[in-house]
Amino acid sequence: MRSGVVIALVSASSLGLLGAAPGPGSVPLPARMADTGGGSQLITAQAPGLDSTSGTVTWWDLRDGQWVQAGSAPARFGSGGLVEGTARKQGTNTTPTGLYDLPFGFGIKAAPDGTSVKYRPVKDSSWWCQDNDSASYNRWVEPLPADCRSSESEHLISYAAQYAYGLVIGFNYERPVRGRGAGIFLHVNGLAATAGCVSVPEDAMRRILVWAKPEKSPHVAMGTVDGATAVTRY
């Protein structure tokens, strides 16, 4: 989903806390999680609390049985904050918490050199159907099918900044539930908080696309620092 209209105000102290590399003797965040998806790559998108619109995205590699931080960047979340993924409702501008796969990458710009994930170029005919009444609900479509209203969908090429580069997040994707939400991505920052996606600076998005390797089964865990929606619960 594209950026919303709420300006993301990020405190330096919050970024310092969330984005800092683990100190000596500390346990890396993925090692404290209930599940990391079974692969050897993981992205964590962590916010201070459910009402937050900013936080930190960190990407990790599992090397010799130990999780090692590969990169980190300031992140933006939905203008409505975050909510447990299974309880999310479409149109609330909330980022769904949980652990998800990353089906494919996409972008208006060409894939960065070294990208090995499946990468779909955005064309003028590229849409993401968000119409609850369509058979193509929560799917990339080219062209827009007759049963999917344009007013209920995103014309991807219309968002030159946000969709310069992106990764589809597998929220409500494999077996879509109508009304839960569609088009949740990790993408480039717009001017403000998002409509439910997670966004990062363009350079970070490029680095993530090059870093992600399909054979390492990368996943993303989105959540809060603590509480019922803590990243460590997923």
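**Strands, a disulfide and two cores: a chat about this model**

Colleague: Ile43 stands opposite which residue in β14?
Modeller: Before we dig in, this is a predicted model, where local features need pLDDT of at least 70 and side-chain atom pairs count only at pLDDT 80 or more, while totals for chains, interfaces and linings use all residues. Residues are numbered from 1 along each chain as its sequence is written, and side-chain values use heavy atoms, leaving out hydrogens and water. β1 (residues 41-47) runs parallel to β14 and pairs with it over six bridges; to pair, two strands need at least two bridges found by DSSP, and strands (E, at least two residues) and helices (H or I, at least four) are DSSP runs numbered from the N terminus. Across from Ile43 sits Val220.

Colleague: Which residue of β14 stands opposite Asp101?
Modeller: Asp101 is at one end of β5, which covers residues 95-101. β5 pairs with β14 in the antiparallel sense over four bridges. Opposite Asp101 you'll find His219.

Colleague: How many of the six residues of β14 are buried?
Modeller: Buried means under 20% relative accessible area, exposed means over 50%, and partly exposed is in between (1.4 Å probe, protein chains only). In a regular strand the side chains alternate between the two faces of the sheet. Both faces of β14 are covered, with His219, Ala221 and Gly223 buried on one side and Val220, Met222 and Thr224 on the other. The strand is largely enclosed by the rest of the structure because its buried residues number six of the six.

Colleague: Where do the buried residues of α2 fall, seen down the helix axis?
Modeller: The buried residues of α2 (residues 202-211) are Ala204, Met205, Ile208, Leu209 and Trp211. They line one face of the helix because, going by the directions from the helix axis to the C-beta atoms, they fall within an arc of 165 degrees.

Colleague: Which element gives the largest share of the largest nonpolar core?
Modeller: A nonpolar core is a set of buried Ala, Val, Leu, Ile, Met, Phe, Trp, Tyr and Cys residues joined through side-chain atoms within 4.5 Å. This one has 31 residues, and those touching the most other members are Ile43, Val57, Ile169, Leu186, Met205 and Ile208. Elements giving it two or more residues include β1, β2 (54-63), β3 (66-76) and β14. The largest share, five residues, comes from α2.

Colleague: How many residues are in the other core, the one with Trp128?
Modeller: Met205 touches Tyr165, Gly166, Leu167, Leu186, His187, Val188 and Val200, leaving aside residues up to four places away in sequence; contact means heavy atoms within 4.5 Å. Apart from the largest core lies another, and among its members are Trp128, Tyr159, Phe185 and Cys197, its total being 14.

Colleague: What is the strand order in the open sheet of three strands?
Modeller: β8 (residues 127-129) pairs with β9 in the antiparallel sense over three bridges, and Cys129 stands opposite Arg139 in β9. The edges are β9 (139-141) and β10 (153-155), each with a single partner strand, so one side of each lacks a neighbour in the sheet. That fits the antiparallel order β9-β8-β10.

Colleague: Which residue does the disulfide join to Cys129?
Modeller: A disulfide is a pair of cysteine sulfur atoms within 2.5 Å, and the structure holds one. Its S to S distance is 2.1 Å, and with 115 degrees about the S-S bond it is right-handed. It links distant parts of the chain, strand β8 and the loop between β9 and β10, 19 residues apart. The partner of Cys129 is Cys148.

Colleague: Is Cys148 buried or exposed?
Modeller: Cys148 touches Cys129, Gln130, Asp131, Ser134 and Ser153, not counting residues up to four places away in sequence. Its relative accessibility is 3%, so Cys148 counts as buried.

Colleague: What is the phi of Asn138, roughly?
Modeller: Most residues other than glycine have a negative phi, and most peptide bonds are trans. Asn138, in the loop between β8 and β9, is buried at 1% relative accessibility. Although it is not a glycine, Asn138 has a positive phi of about 60 degrees.

Colleague: Which form does the peptide bond from Glu142 to Pro143 take?
Modeller: Pro143 lies in the loop between β9 and β10. With omega near -10 degrees, the bond from Glu142 to Pro143 is cis.
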